[in-house]
Amino acid sequence: MQLSTKHLLGIKDLQKSDIESILTTAKQFKEVLQRPIKKVPSLRDTTIVNLFYENSTRTRISFELAEKRLSADTINFSSSASSVSKGESLLDTVNNILSMKVDMVVMRHSASGAPHFLAKHIPAAIINAGDGINEHPTQALLDAFSIVERLGNLEGKKIVLIGDIMHSRVALSNIYLLKKMGAEIMVAGPPTLIPKHITEALGVKVEYNLKKALQWCDVANVLRIQLERQNQVLFSSLREYNLAYGVNKKLLDSLNKEIVIMHPGPINRGVEIDSDVADSNQSIILQQVENGVAIRMAVLYLLSDKSVSN
Ligand code: CP
């Protein structure tokens with residue numbers, strides 16, 4: 001099995017068959033992860049650098065674990081502990097790392113397009129672990145895998161993304177992926193956090209009333225407000241945001257059905273979601289994190305030379 005692309009820069013560039021290959025391979029790796037011995041030799045002699053220019057808990061640990069489970073050699077780089085703080089450029093940093101014979105680069109950066117820039121300049125396979133407000137492809141893939149695990153498939157499923165759609169790379173990657181796989185998508189939140197003309201641009205429904213959005217959907221993917229990416233006041237206060245758009249148990253109990261609750265993390269409890277929802281049986285938040293390892297194993301394997309030679 002092979003992907004149609006050398007890099008994973010975004011879901012936008014993937015074909016439906018690529019997404020299907022990644023989900024199928026991830027299912028096989030998830031079975032490996034249930035075994036007493038969770039390690040396979042698939043990426044022995046492959047060297048991977050994890051290049052994190054922006055903070056991360058889940059994605060970084062998940063990639064590191066996926067690489068270890070595949071027996072790859074790994075190098076971890078964080079910009080705060082590197083010569084970036086002495087003024088070294090992104091390209092110089094990466095060329096120095098590559099001269100140590102690195103095969104693949106996993107990269108998170110606060111600038112949209114940073115991994116695309118690297119892909120144009122260096123020969124290694126690049127995997128985007130989140131770039132600015134652009135894309136977070138492995139998050140969308142693990143979200144899709146988790147929905148399929150719970151509901152059987154994506155075709156025709158109604159999925160609402162709630163919250164700060166404007167600044168969310170998770171939202172954009174989810175929209176690209178879910179549309180390619182035949183799901184119906186709605187975005188919900190305050191008008192100031194939803195891009196104008198998103199229906200024309202991306203073919204999604206828009207709803208400003210949270211209860212109506214929840215009544216419509218099979219799955220609600222609740223997003224954090226990305227305060228670090230906002231340079232103007234886009235809503236009055238976190239308390240008022242919670243009153244209008246916070247997903248709480250009373251609201252879910254008022255629906256005439258049980259929906260699946262997702263969140264990519266990190267969660268701001270009491271803002272976009274309450275604890276009695278995040279920790280409930282309706283929530284698959286921790287299953288998403290668990291599935292992230294299998295998805296990243298699949299992506300790393302399918303983009304490696306080992307997959308090409310099989
Ligand atoms: N979901 C996600 O990207 O989380 P981190 O920022 O902790 O990696």
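1. Start with the ligand's surroundings. In this predicted model, the residues around the ligand are Ser-56, Thr-57, Arg-58, Thr-59, Arg-108, His-136, Gln-139, Pro-264 and Gly-265. Sorted by class, this shell holds six polar residues, two charged residues and one nonpolar residue.

2. Next, the polar contacts. The side chain of Ser-56 places an N or O atom 2.6 Å from an oxygen atom of the ligand. Thr-57 takes part through its backbone: a polar atom there is 2.8 Å from a ligand oxygen. For Arg-108, the side chain is again involved, with an N or O atom 2.8 Å from an oxygen atom of the ligand. On its own, the ligand has 250 Å² of accessible area, and the protein covers 92% of that.

3. Where does the ligand sit? It occupies the largest pocket.

4. Now the domains. The domain assignment divides the protein into domain 1 (11-135 + 289-309) and domain 2 (137-284). Domain 1 is thus written as two segments, 11-135 and 289-309. The centres of the two domains, taken over C-alpha atoms, are 26 Å apart. Their contact draws 30 residues from domain 1 and 23 residues from domain 2.

5. Why does the ligand lie between domain 1 and domain 2? Both domains give residues to the shell around the ligand, so the ligand lies between them. When viewing the structure, take the shell and the domain bounds together. The shell includes Ser-56 and Arg-108 as well as Gln-139 and Pro-264, while the bounds are 11-135 + 289-309 for domain 1 and 137-284 for domain 2.

Note on methods: Residues are numbered from 1 along each chain as its sequence is written. This is a predicted model: local features need pLDDT of at least 70, side-chain atom pairs count only at pLDDT 80 or more; totals for chains, interfaces and linings use all residues. Side-chain values use heavy atoms; hydrogens and water are left out. A residue is near a molecule or strand if one of its heavy atoms lies within 4 Å of it. A polar contact is a pair of N or O atoms within 3.5 Å; within protein, one must be able to donate a hydrogen and the other to accept it, and residues adjacent in sequence count only if both atoms are side-chain atoms. Accessible areas come from the Shrake-Rupley method with a 1.4 Å probe; for residues, only the protein chains shown count as cover. On a 1 Å grid over the protein atoms alone, a cavity is a set of points where a 1.4 Å probe fits but cannot get out, and a pocket is an open set with protein on both sides within 12 Å along at least five of seven lines; lining residues have an atom within 4 Å of a point. A molecule sits in a cavity or pocket if more than half of its atoms lie within 2 Å of its grid points. Ala, Val, Leu, Ile, Met, Phe, Trp, Tyr, Cys and Pro count as nonpolar, Asp, Glu, Lys and Arg as charged, and the others, Gly among them, as polar. Domain bounds come from an automatic or database domain assignment. Contact means heavy atoms within 4.5 Å.
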